[in-house]
Amino acid sequence: MKEGLLSGKVCPLPTQDVTLNLKNRNNAFKNFGYGAPNPLEPNEAFWLKKAKMYNAPTDIVKTMRCGNCAAFIQTPTMMQCIKDGLEKGKSSPNELDYDEQFIEAADLGFCELFHFTCAALRTCDAWKSGGSIKKD
């Protein structure tokens with residue numbers, strides 16, 4: 001965990017360290033069925049495997065996404081941590097700022113289970129019902 005510079009809030013280290021974030025995300029791909037590779041494509045084999053794992057119909061399993069998982073965190077504080085982490089890579093203050101557009105396009109949040117920034121349209125083997133966390 002890392003303390004925020006201005007707020008005194010604590011940001012999860014993977015939100016501030018892209019190498020650690022990618023390591024944790026790749027672990028979720030490899031060991032916990034994080035995917036689908038491109039959530040906007042049919043990915044029938046991916047969803048069939050999930051349906052067999054959950055012993056549920058594919059159309060139901062396709063609704064079980066990170067964006068509605070109880071471990072998906074999109075609180076204002078967490079979203080600021082994610083944005084701050086993305087801005088750390090800026091080479092100059094004059095560099096174009098697409099961070100907010102990137103966050104919005106991917107509908108990013110933080111996966112509390114596997115500790116990485118996560119895209120809302122994906123899923124994993126540890127999906128938990130209850131919806132995402134949006135309030136600090």
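This passage walks through one helix, the aromatic pairs, the cysteines and two single residues of a predicted model.

The model is a prediction, and local features are described where pLDDT is at least 70, side-chain atom pairs count only at pLDDT 80 or more, and totals for chains, interfaces and linings use all residues. Residues are numbered from 1 along each chain as its sequence is written, and side-chain values use heavy atoms, with hydrogens and water left out.

Helix 2 is a good place to start. Helices and strands here are DSSP runs numbered from the N terminus, with at least four residues (H or I) for a helix and at least two (E) for a strand. Helix 2 takes in residues 18-32, so to speak 15 residues, and its first and last C-alpha atoms are 20 Å apart, close to the 21 Å expected at 1.5 Å a residue. That expected span is 1.5 Å times one less than the number of residues. At the N-terminal end, Asp17 acts as a cap, with a side-chain oxygen 3.1 Å from the backbone nitrogen of Thr19. Just past the helix, Gly33 has a positive phi of about 65°.Helix 2 also has an inside and an outside. Its buried residues are Asn21, Asn24 and Ala28, where buried means under 20% relative accessible area, exposed means over 50%, and partly exposed lies in between (1.4 Å probe, protein chains only). Why do these buried residues sit on the same side of helix 2? They cover an arc of only 70° around the axis, which puts them on the same side; the arc is that of the directions from the helix axis to the C-beta atoms. As a general point, an α-helix has 3.6 residues a turn, so residues three or four places apart point the same way. On the other side of helix 2, Val18, Thr19, Lys23 and Lys30 are exposed. The buried residues pack against helix 1 (13-16) and strand 5 (116-119), with contact meaning heavy atoms within 4.5 Å.

Next come the aromatic rings. A pair of aromatic rings is described by the distance of the centres and the angle of the planes. Rings of Phe, Tyr and Trp (its six-membered ring) pair if their centres lie within 6.5 Å; planes under 30 degrees apart count as stacked, over 60 as edge-to-face and the rest as tilted. By this rule there are four aromatic pairs. In one of them, the ring centres of Phe32 and Phe114 are 4.3 Å apart and the planes meet at 25°, so the pair is stacked. This pair ties together distant parts of the chain: Phe32 belongs to helix 2, while Phe114 is in the loop between strand 4 (108-111) and strand 5, 82 residues apart. Phe32 is partly exposed at 29% relative accessible area, whereas Phe114 is buried at 14%. Phe46 and Trp47 make an edge-to-face pair, with 5.1 Å from centre to centre and 90° between the planes. Both partners count as buried: Phe46 has 18% relative accessibility, and Trp47 has 1%. Phe29, Tyr34 and Phe116 form one aromatic cluster.

What about the cysteines? The structure holds one disulfide, meaning a pair of cysteine sulfur atoms within 2.5 Å. Cys11 and Cys81 are the partners, with 2.0 Å from S to S. Their link is left-handed, with -80° about the S-S bond. Here too, distant parts of the chain are linked: Cys11 is in strand 2 (residues 10-11) and Cys81 in helix 5 (residues 76-87), 70 residues apart. Cys11 and Cys81 are both buried. Cys111, in contrast, is in no disulfide, and its nearest cysteine sulfur, that of Cys118, is 5.5 Å away. Cys111 is nonetheless buried, at 9% relative accessibility. Why is the sulfur of Cys118 not bonded to that of Cys66? The two sulfurs are 3.2 Å apart, which is too far for a bond. Cys118 is buried as well, with a relative accessible area of 1%.

Two single residues round off the picture. Thr15 is part of helix 1 and is buried, at 5% relative accessibility. A polar atom of its side chain lies 2.6 Å from the backbone oxygen of Pro12. The side chains of Thr15 and Gln16 are joined by a polar contact of 3.0 Å. A polar contact is a pair of N or O atoms within 3.5 Å; within protein, one must be able to donate a hydrogen and the other to accept it, and residues adjacent in sequence count only if both atoms are side-chain atoms. Setting aside neighbours within four places in sequence, Thr15 touches Met78, Cys81, Ile82, Gly85, Phe110 and Thr117.

Leu86 is in helix 5 and is partly exposed, at 29% relative accessibility. With neighbours within four places in sequence left aside, Leu86 is in contact with Asp99, Phe102 and Ile103. Leu86 and Glu100 are 14 residues apart in sequence, and their C-alpha atoms are 9.4 Å apart in space.
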